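Colleague: I should be grateful for a close look at the cysteines of this chain and at what surrounds them. Please set them in the context of the fold as a whole.

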Amino acid sequence: VQLQASGGGLVQPGDSLRLSCRASGHSFSTYVMAWFRQTPETEREFVAAAWDTGSTYYRDSVKGRFTISLDNAKDTVYLQCDNLTPEDTAVYYCALGDPTVVNHDGEYEYWGRGTQVTVSS
């Protein structure tokens with residue numbers, strides 16, 4: 001199983017980015033794809049998750065600014081990040097699994113390499 005993430009970059013506060021992560025080679029019948037993020041000063045933290053059924057879940061600090069969506073046909077998850085702030089600066093990782101607790105990173109079997117998002121004026 002491989003997860004390939006892309007879409008990070010350097011943007012100014014208030015700008016937008018769209019992250020993508022394509023999964024290949026998995027055989028889950030039901031699954032969740034999620035985004036986590038990490039900085040050198042913090043542990044990896046949950047950002048958002050999308051079920052193959054269409055449900056979604058977000059951490060409070062990104063609600064109303066980030067939108068996660070899952071294209072089942074392409075096995076690709078997107079994270080539309082709007083109104084970015086410097087506090088969103090991190091390496092963003094996508095994850096794939098069938099978790100019981102969706103905001104716990106230990107519940108996911110597969111991870112992408114990460115894409116850097118930097119928000120700075």
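Modeller: A disulfide is taken here as a pair of cysteine sulfur atoms within 2.5 Å. By this rule, the predicted model holds one disulfide. In general terms, such a link is a covalent bond between the sulfur atoms of two cysteines.

The partners are Cys-21 and Cys-94, with sulfur atoms 2.0 Å apart; because the cut-off is 2.5 Å, the pair qualifies. The bond joins distant parts of the chain, since Cys-21 belongs to strand β3 (residues 17-24) and Cys-94 to strand β9 (residues 90-97), with their positions 73 residues apart in sequence. As for its geometry, the torsion about the S-S bond is about 55°, so the disulfide is right-handed. Both Cys-21 and Cys-94 are buried.

A further cysteine, Cys-81, takes part in no disulfide. The nearest cysteine sulfur to that of Cys-81 belongs to Cys-94 and is 13 Å away, whereas a disulfide requires the sulfur atoms to be within 2.5 Å. Cys-81 has a relative accessibility of 1% and therefore counts as buried. It lies in strand β8, which covers residues 76-81.

The surroundings of the bonded pair can be followed through two residues, Thr-76 and Tyr-110. Thr-76 is also part of strand β8, and its contacts include Cys-21. Apart from residues up to four places away in sequence, Thr-76 also touches Arg-22, Ser-69, Leu-70 and Asp-71. With a relative accessible area of 7%, Thr-76 is buried, as the limit for that class is under 20%. Contact with Cys-21 does not place Thr-76 beside every part of the chain: Val-102, 26 residues away in sequence, is 18 Å away in space, C-alpha to C-alpha.

On the side of Cys-94, the residue to consider is Tyr-110, which lies in strand β10 (residues 110-111). Tyr-110 touches Cys-94 together with Ala-95 and Leu-96, and also Val-1, Leu-3 and Phe-28, when residues up to four places away in sequence are set aside. Unlike the buried cysteine that it touches, Tyr-110 is partly exposed, with a relative accessible area of 31%. Between the C-alpha atoms of Tyr-110 and Ala-5 there are 12 Å, although 105 residues separate the two along the chain.

Strand β9, which carries Cys-94, has further contacts through Thr-115. Thr-115 is placed in strand β11 (residues 115-119) and touches Ala-90, Val-91 and Tyr-92, as well as Ser-6, Gly-7, Gly-8 and Leu-19, again leaving out residues up to four places away in sequence. For Thr-115 and Ala-90, the C-alpha separation is 8.4 Å and the distance along the chain is 25 residues. Thr-115 counts as buried at 11% relative accessibility.

The loops that adjoin these strands complete the local picture. Asp-75 sits in the loop between β7 (66-71) and β8 (76-81), and Asn-83 sits in the loop between β8 and β9. Most residues other than glycine have a negative phi. Asp-75 departs from this with a positive phi of about 50°, and Asn-83 likewise has a positive phi of about 50°. Asn-83 is partly exposed, at 44% relative accessibility. After β9, the loop leading to β10 contains Thr-100, which counts as exposed at 71% relative accessibility. The C-alpha atoms of Thr-100 and Val-32 are 10.0 Å apart, with the two positions 68 residues apart along the chain.

The fold as a whole gives the wider setting. The protein chain has eleven strands and zero helices. Of its 121 residues, 41% are buried. Among contacts with a separation of 6 or more, 55% are between residues 24 or more positions apart. The radius of gyration is 13 Å, which agrees with the value near 14 Å for a compact globule of 121 residues. The C-alpha trace spans about 45 × 25 × 25 Å along its principal axes. Accessible surface amounts to about 6400 Å², with 42% belonging to carbon and sulfur atoms. The chain carries 9 positive and 15 negative charges, whose mean positions are 5 Å apart.

Notes. Residues are numbered from 1 along each chain as its sequence is written. This is a predicted model: local features need pLDDT of at least 70, side-chain atom pairs count only at pLDDT 80 or more; totals for chains, interfaces and linings use all residues. Side-chain values use heavy atoms; hydrogens and water are left out. Helices (H or I, at least four residues) and strands (E, at least two) are DSSP runs, numbered from the N terminus. The radius of gyration is taken over C-alpha atoms; the globule rule is 2.2 Å times the number of residues to the power 0.38. Buried means under 20% relative accessible area, exposed over 50%, partly exposed in between (1.4 Å probe, protein chains only). Contact means heavy atoms within 4.5 Å. Accessible areas come from the Shrake-Rupley method with a 1.4 Å probe; for residues, only the protein chains shown count as cover. Lys and Arg count as positive and Asp and Glu as negative; His and the chain ends are not counted. The place of a charge is taken as NZ of Lys, CZ of Arg, CG of Asp or CD of Glu.
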